[in-house]
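Open the structure in your viewer and keep the selection tool at hand. Each stop below names what to select and then says what is there.

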Amino acid sequence: MFSLAHKIALVTGAGSGIGRAIAETFARAGAHVLVVDRDAGAGETTIEAIRAAGGSATFAVLDVSSEADALTLASAHPEVEILVNNAGIGHVGNLLGTTAADLDRLHAVNVRGPFNLCRAFVPAMLARGRGSVINIASIGGVVAVRDRLAYTTTKHAVVGLTRALALDHSHTGVRFNAICPGRVETPFVKARIAEYPDPEKAYRDMSSTQLPGRMARPDEVAAAALYLASDEAAMVTGSCLMIDGGWSAGK
Ligand code: NAD
């Protein structure tokens, strides 16, 4: 239903999980996708899958925490009209289990990353009067997640960044939205589960937090991104779309 034909979309962290699903969904909707990841092997796997399915994609290796590299990428691709800031990292720990270095590490990727990419790519969108920026925040961007101090802090910042951008650049034709997934079955979550003493119990516990009693699939998040990227979402800016099975609705 939603077409991205003739649009160029950049997805960070597109070598795995949610970012990969978004890149594949956008390519199926007709976009040319600039797949961005710090892991060259993972990014190549995504573009091979897109091309095998008849889609169009190119790959660029980038660590989103580097402002200079983001600016260099933007000067090579000024035509990007859809920017998905998806790359993110996690850390398990409350205050006693979180060092300043942990917080800085998450901040550099989860907050400075989207900021850097916006600084690099949004000026051309503003000049054209057209664009859609989608920041992948988290349930941890709107409510606290237990034992995820640094993650919750940085994801709240992503929601704040999105709202500030939407407010400052309203009436420009460039829209800024966040998606807040609950738990999604990806390598990111599997790695956390493996850290628990009883991974099977941890999997059951994490799945039961969400009302349908299961984790979301990456393609269920990608469908939301497709809507927000599309022209049908022309009236939607500054929103945080929850894909959390009702987790944040209350208990
Ligand atoms: P993932 O670990 O499966 O994939 C993340 C990808 O980002 C990897 O390919 C990795 O190489 C890349 N990446 C990491 N740091 C990078 C950097 N500095 N520069 C460029 N690329 C980098 O993760 P995922 O589960 O698909 O999560 C994607 C996003 O969704 C993250 O922002 C995460 O916080 C958010 N999120 C995930 C869940 C979940 O349950 N999986 C829930 C809510 C929000």
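Select Gly238, which lies in the loop between helix 9 (218-229) and strand 7 (240-243). Helices (H or I, at least four residues) and strands (E, at least two) are DSSP runs, numbered from the N terminus. This is a predicted model, in which local features need pLDDT of at least 70, side-chain atom pairs count only at pLDDT 80 or more, and totals for chains, interfaces and linings use all residues. Residues are numbered from 1 along each chain as its sequence is written, and side-chain values use heavy atoms, with hydrogens and water left out.

Is Gly238 buried or exposed? Gly238 falls in the middle class, partly exposed, with a relative accessible area of 24%. Buried means under 20% relative accessible area, exposed over 50%, and partly exposed in between (1.4 Å probe, protein chains only). Now show what surrounds Gly238: not counting residues up to four places away in sequence, it touches Arg163, Ala166, Phe176 and Asn177. Contact here means heavy atoms within 4.5 Å. Add Ala101 to the selection; its C-alpha atom is 31 Å from that of Gly238, and the two residues are 137 apart along the chain.

Next, select Thr186 in the loop between strand 6 (174-181) and helix 7. Thr186 has a relative accessible area of 6% and is buried. Which residues does Thr186 contact, leaving aside its neighbours within four places in sequence? They are Gly17, Ile18 and Pro218.

Move on to helix 8 (residues 199-208) and colour Ala202, Met206 and Ser207, which are buried. These buried residues cover an arc of only 130° around the axis, which puts them on the same side of helix 8. The arc is that of the directions from the helix axis to the C-beta atoms. Turn to the other side of helix 8 to find Glu200, Arg204 and Ser208 exposed. Helix 7 (187-194) is included in what covers the buried residues of helix 8.

Select helix 3 (residues 67-76) for a second example. Its residues Ala70, Leu73 and Ala74 are buried. Viewed down the axis of helix 3, the buried residues fall within an arc of 100°, so they line one face of the helix. Thr72, Ser75 and Ala76, on the other side of helix 3, are exposed. The cover over the buried residues of helix 3 includes strand 1 (8-12), strand 2 (32-37), strand 3 (56-61) and helix 5 (112-128).

Now select Ile50 in helix 2 (residues 40-52). Ile50 counts as buried, at 3% relative accessibility. Leaving aside neighbours within four places in sequence, Ile50 is in contact with Ala23, Glu24, Ala27, Val35, Gly55, Ser56 and Ala57. Add Val33: from C-alpha to C-alpha it is 8.9 Å from Ile50, and 17 residues separate the two in sequence.

Finally, clear the selection and view the whole protein. How many helices and strands does the protein have? There are nine helices and seven strands. The radius of gyration is 17 Å, close to the 18 Å that the globule rule gives for 251 residues, so the protein is as compact as a globular protein of that length. This radius is taken over C-alpha atoms, and the rule is 2.2 Å times the number of residues to the power 0.38. Along its principal axes the C-alpha trace spans about 50 × 40 × 35 Å. Buried residues make up 50% of the 251 residues.
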